[in-house]
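Me: I would like to go through this model by question and answer. Please keep the replies short.

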Amino acid sequence: MTVILIFTSSLLGAWLTYFISHHAKFTPVRASSLLTLLFYCVLYLLGVAPDVWAAAFFGGSFVGMSAPHRFGMMAVTVAGSLFAACYEVLLPFIAGVGGALGVSAFLSVAAVHLLTRLLAKMKAKESPSQSTH
């Protein structure tokens, strides 16, 4: 159940930050800050220990800060999911290291960006060969 809630928190942070920063004229940093503060307050008012969930949401919001000309919602979703996996697997090993959430978000976004570029190159190589047959 914890893993599902971490994935949900991370994806929610990524989606909301991406949407707010690109559609409501907020800067990505302001969108991330405002949404994380609201998420933390809601959890606190509900009587839920907010630390773990707010950290997952905050890290997911880093993913949502991605540039819209490079990432769409599908890429944000995949990167947010990768972040949640990194949060579960890597964070226990790098706890106490400054910027661990940011590093995990960067690795997730970089992996999705690299995968997107590789798929585009593969698709471009297939297109000319198909048109000559």
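Me: Which residues form a nonpolar patch on the surface?
Reply: This is a predicted model, in which local features need pLDDT of at least 70 and side-chain atom pairs count only at pLDDT 80 or more, while totals for chains, interfaces and linings use all residues. Residues are numbered from 1 along each chain as its sequence is written, and side-chain values use heavy atoms, with hydrogens and water left out. A patch takes residues with over 30% relative accessible area and no salt bridge, joining like charges within 9 Å and nonpolar side chains (Val, Leu, Ile, Met, Phe, Trp, Tyr) within 5 Å; a salt bridge is a side-chain nitrogen of Lys or Arg within 4 Å of a carboxyl oxygen of Asp or Glu. With about 450 Å² of accessible area together (Shrake-Rupley method, 1.4 Å probe, only the protein chains shown counting as cover for residues), the residues of the nonpolar patch are V89, L90, V103, F106 and L107.

Me: Which helix gives the most to the nonpolar patch?
Reply: Helices (H or I, at least four residues) and strands (E, at least two) are DSSP runs, numbered from the N terminus. With 3 residues in the patch, the element that gives the most is helix 5 (residues 100–131).

Me: Is L107 buried, exposed or partly exposed?
Reply: L107 is found in helix 5. Buried means under 20% relative accessible area, exposed over 50%, and partly exposed in between (1.4 Å probe, protein chains only). The relative accessible area of L107 is 42%, so L107 is partly exposed.

Me: How many helices and strands does the protein chain have?
Reply: From the N terminus on, the elements run α-α-α-α-α. The count is therefore 5 helices and 0 strands.

Me: Which residues does S9 touch, leaving out those up to four places away in sequence?
Reply: S9 is found in helix 1 (residues 2–23), and S9 is buried, with a relative accessible area of 7%. Contact means heavy atoms within 4.5 Å. On that basis, S9 touches F39, W53, A56 and F57.

Me: Is the aromatic pair of F39 and F57 stacked, tilted or edge-to-face?
Reply: The structure holds 3 aromatic pairs. Rings of Phe, Tyr and Trp (its six-membered ring) pair if their centres lie within 6.5 Å; planes under 30 degrees apart count as stacked, over 60 as edge-to-face and the rest as tilted. F39 and F57 are 4.3 Å apart centre to centre, with 10° between the planes, and the pair is stacked.

Me: Which helices hold F39 and F57?
Reply: F39 counts as buried at 15% relative accessibility, and F57 counts as buried at 1%. The pair ties together parts that are 18 residues apart in sequence, because F39 lies in helix 2 (residues 28–45) and F57 in helix 3 (residues 50–64).

Me: What is the angle between the planes of F83 and Y87?
Reply: F83 and Y87 are 4 residues apart in helix 4 (residues 73–89), so about one helical turn separates them. F83 counts as buried at 0% relative accessibility, and Y87 counts as buried at 12%. The rings form a tilted pair, 6.0 Å centre to centre, and the angle between the planes is 45°.

Me: Where in the protein chain is confidence highest?
Reply: pLDDT is the predictor's confidence in each residue, from 0 to 100. The protein chain averages 88, and 92% of the residues score at least 70. Confidence is lowest in helix 5, at a mean of 85, and highest, at 94, in helix 2.
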